[in-house]
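Trainee: I should like to go through this entry with you by question and answer. Please give your reasoning before each result.

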Amino acid sequence: MSTTPPLKDLIVCPNCDAIYHVAEPKFGERAVCQRCHTVLIAPRRRAGAQIIAVALAVFILVLAAAVTPFLSIEAGGARNSVSVLDAALIFSGGPLVLVSLGTVAMILFIPLLRVLLVIYVLFPVVADRPPAKHAAWAFSLSEALRPWSMAEIFAIGCAVALIKVADLAQIAFGPAFWMFCVLTVLVVVQDSFLCRWSVWKSLETAK
Amino acid sequence: MQVVGLEIPRNGKVVTAREIGVVGCQRCTKVWPLGTKRCTRCGATIVSRDHKALQRVWAWWIVGLLCYIPANLYPMLQTRTLVSVQQDTIVGGVVTLINHGSYGIALVIFLASVMIPVGKFLAIAFLALAAQRGTTSPSSQRMGLYEIVEYIGRWSMIDVFVVAILSSLVQLNALAAVNPGPAALFFGLSVIFTMLSAQSFDARLIWDAERS
């Protein structure tokens with residue numbers, strides 16, 4: 001079509017296929033699809049550095065939360081406290097081992113992997129260097145894993161578990177529980193800082 | 001936070017990429033000429049309308065439903081104390097909680113393990129059927145429904161996590177022990193499959209259905 005502007009100046013809403021001219025919003029503003037209200041562009045000042053800082057915090061918290069106990073139980077003199085790793089290692093046989101493997105993957109490995117991928121992609125961008133090798137692939141993977149990273153759901157699960165057996169025994173939160181609560185907030189913060197369009201653009205222009 | 005509208009190529013009316021003969025990458029929103037197979041910016045496969053997506057949606061949906069049936073028939077948790085051994089299914093566990101007076105937790109588990117999964121099966125089926133057959137319901141409402149399904153589906157995992165937590169925590173030798181039942185595995189699989197089903201859905205079909 002003769003009136004179609006250069007394709008690089010256009011953006012398509014991935015959710016409803018509406019097409020727009022790119023009008024890059026100022027820092028702190030958002031460009032929203034008029035039809036389905038999907039946020040298309042939301043740049044933030046110094047977002048890259050902030051995301052990397054938050055990612056490092058998440059990394060340390062997840063590692064610490066993995067080895068410290070998240071709940072402890074006491075009843076009639078018997079005592080038990082468990083970390084996430086204990087929870088994973090306690091089933092050693094049967095098909096139910098899949099449940100614990102899946103749990104550990106979704107609350108530890110996937111959040112950790114996402115953090116590493118995000119740092120790998122954003123660090124060269126923030127440092128004004130050319131993008132890392134396979135950065136596009138790494139960012140795609142990180143985005144694909146987003147719904148499978150479930151640390152925040154685990155934090156609520158701890159609270160539910162506590163109340164569920166409260167009449168059976170004395171139960172107390174361990175340090176890892178509070179770390180998961182902080183993690184929940186950090187993951188939300190990190191997500192709101194990340195403007196996907198800006199990341200893709202920076203990966204492209206440096207090519 | 002201020003919201004900025006974007007300028008539209010034609011005045012007044014929203015135009016779709018397909019109408020002006022281009023196609024957008026659903027992963028990174030880059031625009032390509034119609035017929036481009038692969039986005040060289042992010043590596044995603046590009047399709048103008050993914051009609052095979054609906055087959056994937058239904059395939060995952062059916063597998064998810066098949067897993068949801070044993071998830072409700074088998075016990076989720078086996079609680080052994082000095083005096084008794086108790087096996088609870090999902091619904092049985094909710095009833096037990098109500099009998100103990102823990103109404104709040106009963107509500108959380110009921111929402112996460114019964115309402116959300118069932119609602120999700122119905123919602124995905126409705127969205128897929130609407131995309132296949134056309135519908136009179138407004139696109140914006142169906143888009144809202146889709147966003148809710150995408151957002152809330154993961155939270156069903158909470159019951160699986162509770163089972164994993166309890167069965168590792170409550171191991172007090174002779175006094176009390178909690179062990180997971182087969183339903184935990186089936187329920188977890190059901191949540192995973194329905195998440196995949198929702199992810200397979202091409203949201204652009206929501207907006208096409210109203211126009212035609």
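**Burial, interfaces and salt bridges**

Trainee: Is B:Thr29 buried or exposed?

Mentor: The relative accessible area of B:Thr29 is 8%. Buried means under 20% relative accessible area, exposed over 50% and partly exposed in between, with a 1.4 Å probe and protein chains only. B:Thr29 is therefore classed as buried.

Trainee: What kind of model is this?

Mentor: Residues are numbered from 1 along each chain as its sequence is written, while chains are lettered from A and ligands numbered from 1 in the order in which they are written. Local features need pLDDT of at least 70, side-chain atom pairs count only at pLDDT 80 or more, and totals for chains, interfaces and linings use all residues; side-chain values use heavy atoms, with hydrogens and water left out, and the model is predicted.

Trainee: Where does B:Thr29 lie, and what is its phi?

Mentor: B:Thr29 belongs to the loop between E2 and E3 of chain B, where strands (E, at least two residues) and helices (H or I, at least four) are DSSP runs numbered from the N terminus. Phi is positive here although the residue is other than glycine, with a value near 65°.

Trainee: Which residue of chain A has a positive phi of about 70°?

Mentor: The residue is not a glycine, and its place is the loop between strand E1 (10-12) and strand E2 (19-21) of chain A. It counts as buried because its relative accessibility is 2%. The residue with this phi is A:Asp17.

Trainee: How many residues does each chain bring to the contact, and how much area do chain A and chain B bury between them?

Mentor: With contact taken as heavy atoms within 4.5 Å, chain A brings 72 residues and chain B brings 72 residues. Buried area is the accessible area (1.4 Å probe) that two parts lose on being put together, summed over both. Carbon and sulfur atoms carry 72% of the total, which is about 6,600 Å².

Trainee: Which three residues supply 10% of the area that chain A buries against chain B?

Mentor: No other three residues supply as much. They are A:Asp17, A:Arg35 and A:Lys164.

Trainee: How many salt bridges are found across the interface of chain A and chain B?

Mentor: A salt bridge is a side-chain nitrogen of Lys or Arg within 4 Å of a carboxyl oxygen of Asp or Glu. The structure holds twelve over all chains. Across the interface of chain A and chain B the number is four.

Trainee: Why does the salt bridge of A:Glu204 and B:Lys30 join two chains?

Mentor: The closest N and O atoms of A:Glu204 and B:Lys30 are 2.8 Å apart. A:Glu204 lies in helix H7 (residues 196-205) of chain A, whereas B:Lys30 is in the loop between strand E2 (22-24) and strand E3 (31-33) of chain B, so the pair joins two chains. A:Glu204 is partly exposed at 25% relative accessible area. The partner that is buried, at 14%, is B:Lys30.

Trainee: Which residue forms a salt bridge with B:Arg204?

Mentor: B:Arg204 is buried, with a relative accessible area of 1%. Its partner is buried as well, at 2%. The closest N and O atoms are 3.1 Å apart, and the partner is B:Asp202.

Trainee: What separates the centres of domain 1 of chain B and domain 2 of chain B, and what area is buried between them?

Mentor: Bounds from an automatic or database domain assignment give domain 1 (1-48) and domain 2 (49-211) in chain B. Taken over C-alpha atoms, the centres are 34 Å apart. Carbon and sulfur atoms give 31% of the buried area, which is about 640 Å².

Trainee: How many salt bridges does the rule find across the interface of domain 1 of chain A and domain 2 of chain A?

Mentor: Chain A is divided into domain 1 (1-43) and domain 2 (45-205). Eight residues of domain 1 are in contact with five residues of domain 2. About 560 Å² is buried between these domains of chain A, 65% of it from carbon and sulfur atoms. The number of salt bridges across that interface is zero.
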